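Hi,

Here is the structure I promised to pass on. Please open it alongside this email, so that you can follow each point as you read.

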Amino acid sequence: MAYVDAEIASQPDCWREAAQLAGTVAADLPRPGERVAVVGCGTSWFMASAYAGLRERAGHGETDAFQASEFPTGRRYDRLIAITRSGTTTEVLDLLAALRGQTPTTVLVGDPASPATGLADAAVTMPFADERSVVQTRFATTALALLRAHLGDNVEALAADAEVTVRAPLPIDPARIEQATFLGRGWTVGLAQEAALKCREAATFWAEAYPAMDYRHGPISIAAPGRLVWAFGELPEGLPEDVAATGAAFVHSRHHGCRTVLGSWAAGRTPVDPMADLILAQRFAVALATSRGLDPDAPRHLSRSVVLA
């Protein structure tokens, strides 16, 4: 079994541990009404984007997400949250150093001994969610689970949903698919971006991501038989029919309040949260790699952390 397989399967327990941790580190996390920026690189940036959408939707205050390298240093925020698995990523360290004494900073990090913990004003360490894999899965979702717990979400329910998706059959055979497009709305746009990245990283596979409402403004032109459209969360009216007309396969989340159920794949199943749906996409990416004769633990041109000279 690849490292990444075991790490994907461990997510329900990691989310539960993160929920317990959230209660002990609340003083270092955003308070209601604060103007907050959340930063990361790659996967961590996509989790930052999802959290920003969730926090604003919950009415806790203005929240922006940025790639660490693109943070607008001329803006003023009450607090900055940095998400970094290794705590060694150059862009994150540079930003934390630049903001010292100007903006309160908190880092969510997997390695308690990393340099990021010394540069931030506060560190929330999650060694239980750190990973051996290059391809990031459980640390990212565990960081989001911790932040969701702080917002008041029921993470035990999320973990129960994750118990379903770590074991459920995949909604489609990866060997049948030559290209995938992932869609989201609101906070789930970040999940769609992350799902596409997992396919690119683990399987060197052509995958894209877009806001669902923007999909018909051009990207739908590549939909065709042998290709896949996979949506998280609420869908724009008529989109399933438009995708069906192209001949592409369609996996979607049918909206039920704040929870979802995957179309025909989950007929008769208990609805699951979009963050649990992301686990299916992670597993799909690993299965893609295997079907293409690739090792998902050894992705091309990648390392666990980008450390620049």
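Below is what I found in it, helix by helix.

Before you start, please keep in mind that this is a predicted model.

**Helix α6**

A good place to begin is α6, residues 138-151. This helix has 14 residues, and the distance from its first C-alpha to its last is 20 Å, close to the 20 Å expected at 1.5 Å a residue. Is α6 enclosed by the rest of the structure or not, and how many of its residues are buried? Of its 14 residues, 13 are buried, so the helix is largely enclosed by the rest of the structure. Just after α6 comes Gly152, which has a positive phi near 105°.

**α6 with α3**

Two helices that pack against α6 are worth a look. Take α3 (residues 43-57) to start with: its axis lies 9 Å from that of α6, at an angle of about 15°. An angle under 35 degrees counts as roughly parallel, and α3 and α6 are therefore roughly parallel to each other. Their crossing is right-handed. On the α3 side the contact is made by Thr43, Met47, Ala50, Tyr51, Leu54 and Arg55, and on the α6 side by Ala140, Thr141, Leu144, Leu147, Arg148 and Leu151. By type, these contact residues are eight nonpolar, two polar and two charged.

**α6 with α2**

Now turn to α2, residues 11-24. The axes of α2 and α6 come within 8 Å and cross at roughly 40°. That angle makes α2 oblique to α6. Here too you will find a right-handed crossing. From α2, the residues in contact are Gln11, Cys14, Trp15, Ala18, Ala19, Leu21 and Ala22; from α6, they are Arg138, Thr141, Thr142, Ala145, Leu146, Ala149 and His150. This contact has nine nonpolar residues, four polar and one charged. You may have spotted Thr141 in the contact with α3 and again in the contact with α2.

**More on α3**

Back to α3 for a moment. It has 15 residues and spans 21 Å from first C-alpha to last, close to the 21 Å expected at 1.5 Å a residue. Its buried residues include Phe46, Ala48 and Ala52, and also Met47, Ala50, Tyr51 and Leu54, which you met in the contact with α6. What do the buried residues of α3 pack against? Their partners are the strands β1 (36-40), β2 (63-67) and β3 (79-84), together with the helices α6, α8 and α10 (274-291). After α3 comes Gly59, with a positive phi near 80°.

**Around the end of α8**

Lastly, have a look at two residues in another part of the chain. Ala202 sits in helix α8 and, at 5% relative accessibility, counts as buried. It touches Val135, Ala285, Ala289, Leu294 and Pro296, leaving aside residues up to four places away in sequence. Its C-alpha is also 5.6 Å from that of Pro299, although the two are 97 residues apart along the chain.

Thr204 is in the loop between α8 (188-203) and β7 (207-211). Its phi is positive, about 45°, although it is not a glycine. Is Thr204 buried or partly exposed? Its relative accessibility is 32%, so it counts as partly exposed.

Happy exploring, and do write back with any questions.

Best wishes

Conventions. Residues numbered from 1 in each chain as written. Predicted model: local features only at pLDDT ≥ 70, side-chain atom pairs only at ≥ 80, totals over all residues. Heavy atoms only, no water. Axes fitted to C-alpha atoms, helices over the stretch in contact; angles between N-to-C directions. Helix = DSSP H or I, 4+ residues; strand = E, 2+ residues; numbered from the N terminus. Parallel < 35°, antiparallel > 145°, perpendicular 65-115°, else oblique. Left-handed = near helix turned anticlockwise from the far one by under 90°. Contact = heavy atoms within 4.5 Å. Nonpolar A, V, L, I, M, F, W, Y, C, P; charged D, E, K, R; others polar. Expected span 1.5 Å × (residues − 1). Buried < 20%, exposed > 50% of the residue type's maximum accessible area, 1.4 Å probe, protein only.
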